[in-house]
Amino acid sequence: MSDKTAKSGLSADDRRQALPITEVAELLGVKPITVRRAVASGEFPHIPVRSRKQVPRAFVEGLLASPKWGAVEPDAEVAV
């Protein structure tokens, strides 16, 4: 298993191209409703699978690879 897949929680043997919303939420450490809202607003891409929406695996791996996904960078200078 490579370092990238070990850190992301996704197995290299897993060949799925899209992940269910509940699994994406677990990997990102958020509630499923947060992922559903991101999909509904267009912030996250999705793939419709019958009546359910799934998030592309490559997108999730990209989020997990970024150091602070969704975080706002703090100001460099802090007043003391």
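The following questions and answers go through salt bridges, burial and the sheet of a predicted model.

This is a predicted model, in which local features need pLDDT of at least 70, side-chain atom pairs count only at pLDDT 80 or more, and totals for chains, interfaces and linings use all residues. Residues are numbered from 1 along each chain as its sequence is written, and side-chain values use heavy atoms, with hydrogens and water left out.

Q: Why is the pair Glu23 and Arg16 called a salt bridge?
A: A salt bridge is a side-chain nitrogen of Lys or Arg within 4 Å of a carboxyl oxygen of Asp or Glu. The side chains of Glu23 and Arg16 meet at 2.8 Å, N to O, so the pair fits that definition.

Q: Why does Glu23 count as partly exposed?
A: Buried means under 20% relative accessible area and exposed over 50%, with partly exposed in between (1.4 Å probe, protein chains only). Glu23 has 23% relative accessibility and therefore counts as partly exposed, and Arg16, at 33%, counts as partly exposed too.

Q: How many salt bridges does the structure hold, and what separates Arg57 and Glu61?
A: The structure holds 2 salt bridges, one of them between the side chains of Arg57 and Glu61 at 2.9 Å, N to O. Arg57 and Glu61 are 4 residues apart in helix α4 (residues 57–65), which means that about one helical turn separates them; Arg57 and Glu61 are both buried. Helices (H or I, at least four residues) and strands (E, at least two) are DSSP runs, numbered from the N terminus.

Q: What makes β1 and β2 edge strands?
A: Two strands pair if DSSP finds at least two bridges between them. The open sheet of 3 strands has the order β1-β3-β2, with antiparallel pairing, and β1 (18–20) and β2 (47–49) are its edge strands, because each pairs on one side only.

Q: How do you know that β2 pairs with β3?
A: There are 3 bridges joining β2 to β3 (residues 52–56), and the two run antiparallel, so the requirement of at least two bridges is met. Across this pair, Ile47 stands opposite Gln54 in β3.

Q: Why are the buried residues of α2 said to be on the same side?
A: In helix α2 (residues 21–28), Ile21, Val24, Ala25 and Leu28 are buried. They cover an arc of only 100° around the axis, and therefore lie on the same side of α2, where the arc is that of the directions from the helix axis to the C-beta atoms.
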